[in-house]
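Here are some short exercises to work through with the structure in view. Try each task yourself before reading the solution.

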Amino acid sequence: MRPTGEISEKINILKTQHRILDDKIVALEADPASDQLKIQRLKRQKLLLRDEVSRLQTNLLPDIIA
């Protein structure tokens, strides 16, 4: 398992990439002549990034035995 600092750093990098993709998507959607396939691909990448961030954040939480 990776140290907490490495996981937090990776989460921050992924969140930054997520924001960049979001900005690209907004810019493409503002242009009526934009490529819808490209927009869909970017949205899929954005979703994958969000899922990876969620997975890493789960790894940061300690296991609690009920």
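## Exercise 1: The surroundings of Ile-7

Leaving aside neighbours within four places in sequence, Ile-7 is in contact with Arg-2, Leu-56, Asn-59 and Leu-60. Keep in mind that this is a predicted model.

**Task.** Find which element holds Ile-7, and decide whether Ile-7 is buried or exposed.

**Solution.**
- Step 1. Locate the residue: Ile-7 sits in helix α1.
- Step 2. Look up its relative accessible area, which is 4%.
- Step 3. Buried means under 20%, so Ile-7 is buried.
- Step 4. Now compare sequence with space: Ile-7 and Gln-57 are 50 residues apart in sequence, yet their C-alpha atoms are 8.0 Å apart.

## Exercise 2: The loop between the helices

**Task.** Say where Ser-34 is found, which residues Ser-34 touches beyond four places in sequence, and whether Ser-34 is buried or exposed.

**Solution.**
- Step 1. Start with the helices: α1 covers 4–30 and α2 covers 36–60, and Ser-34 belongs to the loop between them.
- Step 2. Not counting residues up to four places away in sequence, Ser-34 touches Leu-28, Glu-29 and Ile-39.
- Step 3. Add the polar side of the picture: a polar atom of the Ser-34 side chain lies 2.9 Å from the backbone oxygen of Asp-31.
- Step 4. With a relative accessible area of 12%, under the 20% cut-off, Ser-34 counts as buried.

## Exercise 3: Outside the helices

**Task.** Place Pro-3 and Ile-64 along the chain, then work out how exposed Pro-3 and Ile-64 are.

**Solution.**
- Step 1. Pro-3 is in the segment before α1, while Ile-64 is in the segment after α2.
- Step 2. Pro-3 has 48% relative accessibility. Exposed means over 50% and buried under 20%, with partly exposed in between, so Pro-3 is partly exposed.
- Step 3. Ile-64 reaches 76% relative accessibility and is therefore exposed.
- Step 4. Check a distance for each, C-alpha to C-alpha. Pro-3 and Leu-60 are 9.2 Å apart in space although 57 residues separate them in sequence. Ile-64 and Arg-44 are 20 residues apart in sequence and 33 Å apart in space.

## Exercise 4: The whole protein

**Task.** How many helices and strands does the protein have, and why is it described as more spread out than a compact globule?

**Solution.**
- Step 1. Count the elements: there are 2 helices and 0 strands.
- Step 2. The globule rule gives 11 Å for 66 residues, and the radius of gyration is 16 Å, well over that value, so the protein is more spread out than a compact globule.
- Step 3. Look at the extents: the C-alpha trace spans about 55 × 25 × 15 Å along its principal axes.
- Step 4. Turn to burial: 17% of the 66 residues count as buried.
- Step 5. Finish with the contacts: among those between residues at least 6 apart in sequence, 67% join residues at least 24 apart.

Methods. Residues numbered from 1 in each chain as written. Predicted model: local features only at pLDDT ≥ 70, side-chain atom pairs only at ≥ 80, totals over all residues. Heavy atoms only, no water. Helix = DSSP H or I, 4+ residues; strand = E, 2+ residues; numbered from the N terminus. Rg over C-alpha atoms; globule rule 2.2 N^0.38 Å. Buried < 20%, exposed > 50% of the residue type's maximum accessible area, 1.4 Å probe, protein only. Contact = heavy atoms within 4.5 Å. Polar contact = N/O pair within 3.5 Å; in protein donor to acceptor, adjacent residues only side chain to side chain.
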